[in-house]
Amino acid sequence: MAGHRHHEPHGEDLLAAAQATLERSGEQWTAMRASVFAALSGFDKPASAYDIAESVSRAEGRRIAANSIYRILDLFVAANLALRVESANAYVANAHPGCRHDCIFLVCDGCGSTTHFDDDSLTGGLRSAAGAAGFVVERPVVEVRGRCAACAAAGQAQSG
């Protein structure tokens, strides 16, 4: 399934897809969970629990503790609504929550942007190699560090 395409909902459609996915997993879609998902999906870069807590606190007009956000984010990761960028201890909303794939991230060391993509042949090879070594894979996360196209072009422009 490498390179297959997803319908990636946005805005209210993404919130509805996230709600449906969470409810299918047997969990409730509460007002706080909706607020956290809306805040998370509004960031253009991976967001920490503290970033999300600040955003939700502003929207709610009351202080929301980061530990409450962490609990919700843990639930979102388990339900495939959010993906965790391990090296940054930050999260991104899953743009296609109804579809499960292993995480592959391209992380820009220049601007911090993170792109998630799916390549089942790549992660399948990792799972096979791990299995051959007697390792039971639970949740592979691949992060490739480097520079996005914009930062790479800016770097060449500065050095040229």
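These are my notebook entries on helices, strands and a few single residues in a predicted model.

**Entry 1: helix H3**

I started with helix H3, residues 49–60. It holds 12 residues. From its first C-alpha to its last it reaches 16 Å, close to the 16 Å expected at 1.5 Å a residue.

Next I asked which residues of H3 are buried. They are Ala 49, Ile 52, Ala 53, Ser 55, Val 56 and Ser 57. I then looked for what covers them, and the cover includes helix H2 (31–42) and helix H4 (66–78).

I also checked the residue just after H3. There Gly 61 takes a positive phi of about 75 degrees.

Ala 59 is in H3 too. Is Ala 59 buried or exposed? I found a relative accessible area of 69%, so Ala 59 is exposed, the cut-off being over 50%. I looked up one distance from Ala 59 as well. Its C-alpha atom and that of Ser 35 are separated by 8.3 Å, and the two residues are 24 apart along the chain.

**Entry 2: H2 against H4**

Two packed helices are described by the angle between their axes and the distance between the axes. I looked up both for H2 and H4. They pack at an angle of about 80 degrees, and their axes are 10 Å apart. That angle makes H2 roughly perpendicular to H4, because angles of 65 to 115 degrees count as such.

Which residues make the contact? From H2 I noted Met 32, Arg 33, Val 36, Phe 37 and Leu 40. From H4 I noted Ile 69, Ile 72, Leu 73, Leu 75 and Phe 76. By class, this contact of H2 with H4 has 9 nonpolar residues, no polar ones and 1 charged residue.

**Entry 3: Arg 33**

I stayed with Arg 33, which lies in helix H2. Its relative accessible area is 18%, so Arg 33 is buried, under the 20% cut-off.

What is Arg 33 in contact with, leaving aside its neighbours within four places in sequence? I listed Leu 22, Glu 27 and Gln 28, and also Ile 72, Leu 75 and Phe 76.

**Entry 4: strand E3 and its sheet**

I moved on to the strands. An open sheet of 3 strands has the order E4-E3-E5, and its pairing is mixed. The edge strands are E4 and E5, as each pairs on one side only. Neighbouring strands of this sheet are turned by 20 degrees against each other on average, direction ignored.

Strand E3 covers residues 103–108. I found 5 of its 6 residues buried, so E3 is largely enclosed by the rest of the structure.

I took the partner E5 next. Strand E5 spans residues 141–146 and is joined to E3 by 6 bridges. These two strands run parallel. Leu 106 stands opposite Val 144 in E5. Cys 108 has Gly 146 in E5 as its bridge partner.

Then came E4, residues 114–117. How many bridges join E3 to E4? I noted 4, and these strands run antiparallel. Phe 105 stands opposite His 116 in E4. E3 and E4 form a hairpin with 5 residues between them. In the turn, Gly 112 has a positive phi of about 85 degrees.

**Entry 5: two asparagines**

Most residues other than glycine have a negative phi, and most peptide bonds are trans. I therefore wrote down two residues with positive values.

Asn 80 has a phi near 70 degrees, a positive value in a residue other than glycine. It lies in the loop between H4 and strand E1 (82–85). At 5% relative accessibility, Asn 80 counts as buried.

Asn 89 has a positive phi of about 45 degrees, although it is not a glycine. I found Asn 89 in the loop between E1 and strand E2 (90–93). At 30% relative accessibility, Asn 89 counts as partly exposed.

**Entry 6: Gly 155**

My last lookup was Gly 155, in helix H6 (residues 149–159). With a relative accessible area of 33%, Gly 155 is partly exposed. How are the C-alpha atoms of Gly 155 and Glu 138 placed, and what distance separates them? I noted 38 Å, with the residues 17 apart along the chain.

Notes: Residues are numbered from 1 along each chain as its sequence is written. This is a predicted model: local features need pLDDT of at least 70, side-chain atom pairs count only at pLDDT 80 or more; totals for chains, interfaces and linings use all residues. Side-chain values use heavy atoms; hydrogens and water are left out. The expected span of a helix is 1.5 Å times one less than its number of residues. Buried means under 20% relative accessible area, exposed over 50%, partly exposed in between (1.4 Å probe, protein chains only). Contact means heavy atoms within 4.5 Å. Axes are lines fitted to C-alpha atoms, for helices over the stretch in contact, and angles run from 0 to 180 degrees between N-to-C directions. Angles under 35 degrees count as roughly parallel, over 145 as roughly antiparallel, 65 to 115 as roughly perpendicular and the rest as oblique. Ala, Val, Leu, Ile, Met, Phe, Trp, Tyr, Cys and Pro count as nonpolar, Asp, Glu, Lys and Arg as charged, and the others, Gly among them, as polar. Two strands pair if DSSP finds at least two bridges between them.
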